[in-house]
Structure formats: structure tokens, C-alpha cells
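Reader: I'm new to reading structures, and I'd love a close look at one part of this one. Could you pick a helix and walk me through how its neighbours pack against it?

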Amino acid sequence: MWAASCLASCCASCTCGLCTSAAAGISRRSARLAYCGLFALSLVLSWILREVAAPLLEKIPWINTFTRTPPKEWFQTNAVLRVSLGNFLFFIVLALMMIGVKDQNDKRVSWHHGGWILKIVVWAVLVVLMFFLPNVFITIYETLSKFGSGFFLLVQVVLLLDFTYAWNDSWVEKDEQKWYIALLSISGLCYIATYSFSAVLFIWFNPSGHDCGLNVFFIVMTMILAFAFVVIALHPKVNGSLLPASVISVYCAYLCYSALSSEPRDYECNGLNNHSKPVSTATLVLGMLTTVLSVVYSAVRAGSSTTFLSPPSSPKSSSSKPLIEGEIESGKNDTKPVTYSYFFFYLIFALASMYSAMLLTGWSSSTSGTSEQINVGWTSVWIRICTQWATAALYVWTLVAPLIFSDREFY
């Protein structure tokens, strides 16, 4: 199997890279990349076990405790959840160990940057031990993962808002006509893309001859939200801008497409079902790479941003300056602050472990679909739609919060 050999090669490459880095020592700047590599390795391992471990798990008595053996998909889901649980425990323990680390003089800083051989061994042992746990622990973790994944999606939304505000501010601060023209042009293109894509969604997911009211509702709601964003942002009393509104509109359109394309393949209103064939290896690889990049970016960005330490409505909340910089400059002490929150960095990886497990298992709807269809089912549909609505609510809140709480400083 080409796919299995390809994934095995990637897994071996990641392992060799981590071991080499551990042997040579990891610099402070590359520590985050090493954690990202370890996380990517866990995803590759989950994917491999998802494809090949089902026959083995069927023979393990404390896993296959059923009088009637479940379908193959159940064991595939179980394998992914066990690897995810080991990964989650590894990162959540590190997060708890790093609570309260504020400066470089804390001895726990060395734990964060060093000890990589021990960390890799501990991670591997945790993953292996998860396959000795009774199914009840995996069932509990599966339930918790759905809530953890929801929180991770909210983190991604906050990061997107932070990014769009920072992008808008960086160009406005240049105070040159060409940058204003660029802002207007990109905003216009984003809105053209939003409504053009929405029209395409009508064609794909509202086929003639079928009652597809739910799909029509999702698409129309997306278009209404995009219009509402620009109306609110450009209101005289609101200190908003067109660029963030347009970027959020495009993202909402993407979430709508992602939700509709996750509908079951046998659903008559899923216009893609007539064109859906067994998913190719290239498609699966691309999907996994996209997931890895999204998760890694969220973890690194969230860990190094002060967005989560200040109101998300503030475009300035992404400043990278340490919060105690004033004390350092005033000479009160010689302590060097850490450049990002170690606790939050590990916490995001722990939540990302839950989120990735839900993606690989179709949000644990293991009895629907095939092993070649990742993230397909009604649970996936509603998760994405709720994410779209949460995105819209958070963005509108960033615009109206300064009006509601006029006595507080948001900028």
C-alpha cells in the first residue's frame, strides 16, 4: 500500500528528526518547532493506526469486550482516540507544570526547552499505555473531546479576529493613499468572493427537484451575516473597518461550504454526492497537512500572543511586548520575562489533540461513512455551522462592546 508506506516514511522521518534534535540539544527558539513536530508525529501515528490497527484491536480482550463484534469503524475510532488521549495527557501535564512561569529565572523554563529524550520516551510510553485502558475511559475522553474541540475552534476564531485587526492597523498606520486603496481593493475582492461563492453553493447544495430548505437557510444566513458585518462596521458610531468585515465574511462563507460538504454522501441535497468517489490518497494527505498547519499555527500563535490576556475586541491586543516591560526598563529588577505563555502553549496543544481526534473520526460518528471519508456526518455539519455563528457573534461583539461599555478602554 503506497499510502501506508508514505505515512510510515513520514513517521520515521519525524521520529529521526526529533531524536536528532534531542541528541544535539534544542535551542530556545526551536523548542516550539520541536513540539510541533511531536504533535505532527502523533497525527501521523493516529492516521496509520486508523487504517491498519482494527484487526489487531479486535483480538485484544479488554478492548473487544462485546458479545457481538462491532464494525471495523468502531475499532478505527477507538485507535485514534487512544493515541489522542496519550497525546492529550502528555501536553496537559506539561501545561499544569508550567502554571505561573513568568520569567527566565524560573527553573521550570529549562524543563520547557530541554530534556527531549525523556520527553519523547514519556510521550511514547503514554501512548502505549492508553491501549491497556478499559473502554470506559475512552468513552469518557470521547465525550470530553467534543467540548475541548469546541473550545479549540473558538480559539481559532479569536486568533482570526486578532489577525484581521492587526493587518488592518498595520496598513492604516502607514497613512499613505496606496495602502488605503489596497485595503479597499482587498475588501471589495473579499466581498465579491463571498457572494460569488454563495451563489455557487446554491447550485451545489440546492439541486432542483428536492426540498433543501435547511441548506438554503444556511447559505442565505451566510449572505445576511456578510451584509450585516459591513453595515455595522461602517456605522458612524462604530469604530470599525471594512477589511476585517470582509475577511470574516469570507471565512463564514468557507465555514458554510465546509458544513454543507460534510453532509452524508447519501443525502439528496448534497450536490457533491454524485461526484464523490473514494477519497484519493492525495486528498487525504492534503487534508491532513491542512489540519496540521492549522493546529500548529493556532498553538504557536496563541501561546505567543497576548490576545487571550486582553479583550479580543482590541486590535492592539496582539502586541508582542511583555506586560511587565515597564518594570524592566525602570530598572526595578534584572529579570527577563518569558516571551510567551508556556501554560497556554501546552493547553492549546492538548485541545488540538482532542480536535484532531474528532476530525479523524468524524466527531466519533464511527458508524456512518467509510474509513476513507474524514469528517463527514451531521455532527460535523452542525459543529461548523455553530462555529460560523460563534465567529459572527464574536466579531459583532468586538464592534459593539465599546458602545455598550463606554466607561472601559478597549483600544
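Author: Sure, and one term first: a helix axis here is a line fitted to the C-alpha atoms over the stretch in contact, and the angle between two axes runs from 0 to 180 degrees between N-to-C directions. Two packed helices are described by that angle together with the distance between the axes. Keep in mind that this is a predicted model. The chain averages a pLDDT of 78, and 74% of the residues score at least 70.

Let's settle on helix α7, which covers residues 135-172. One partner is helix α13, residues 342-360: the two axes come within 8 Å and cross at roughly 115 degrees. Angles from 65 to 115 degrees count as roughly perpendicular, so α7 is roughly perpendicular to α13. The crossing of this pair is left-handed.

Who does the touching? On the α7 side, the contact includes Tyr-141, Glu-142, Leu-144, Phe-151, Phe-152 and Val-155. Facing them from α13 are residues including Ile-348, Leu-351, Met-354, Tyr-355 and Met-358. Sorted by class, the contact of α7 with α13 has twelve nonpolar, four polar and two charged residues.

Now look at another partner of α7, helix α4, residues 72-97. Here the angle is about 75 degrees, with the axes 10 Å apart. That makes α4 roughly perpendicular to α7. From α4 come Trp-74, Asn-78, Leu-81, Arg-82, Ser-84, Leu-85 and Phe-88, while α7 offers Asn-135, Ile-138, Tyr-141 and Glu-142. By class, you get six nonpolar, three polar and two charged residues in the contact of α4 with α7. Did you spot Tyr-141 and Glu-142 again? Both take part in the contact with α13 and in the contact with α4.

What does the record say about this part? An unreviewed UniProt entry places "transmembrane region" features at several spans, among them 79-100, 120-140, 147-167 and 340-360. In the model, the span 147-167 is 100% helix and 0% strand, and its end C-alpha atoms lie 31 Å apart. The span 79-100 is 86% helix and 0% strand, with its end C-alpha atoms 35 Å apart.

For contrast, try a pair away from α7: helix α9 (residues 213-233) and helix α10 (residues 242-261) pack at about 170 degrees, with axes 9 Å apart. They are therefore roughly antiparallel to each other. Their contact includes Phe-218, Ile-219 and Phe-229 of α9 and Ile-248, Cys-252 and Leu-260 of α10. By class it has 13 nonpolar, three polar and no charged residues.

One last caution about confidence: pLDDT stays under 50 over residues 1-25 and also over residues 366-372.

Methods: Residues numbered from 1 in each chain as written. Predicted model: local features only at pLDDT ≥ 70, side-chain atom pairs only at ≥ 80, totals over all residues. Heavy atoms only, no water. Helix = DSSP H or I, 4+ residues; strand = E, 2+ residues; numbered from the N terminus. Parallel < 35°, antiparallel > 145°, perpendicular 65-115°, else oblique. Left-handed = near helix turned anticlockwise from the far one by under 90°. Contact = heavy atoms within 4.5 Å. Nonpolar A, V, L, I, M, F, W, Y, C, P; charged D, E, K, R; others polar. pLDDT = per-residue confidence, 0-100. UniProt positions renumbered as here; feature names shortened; annotations may be inferred.
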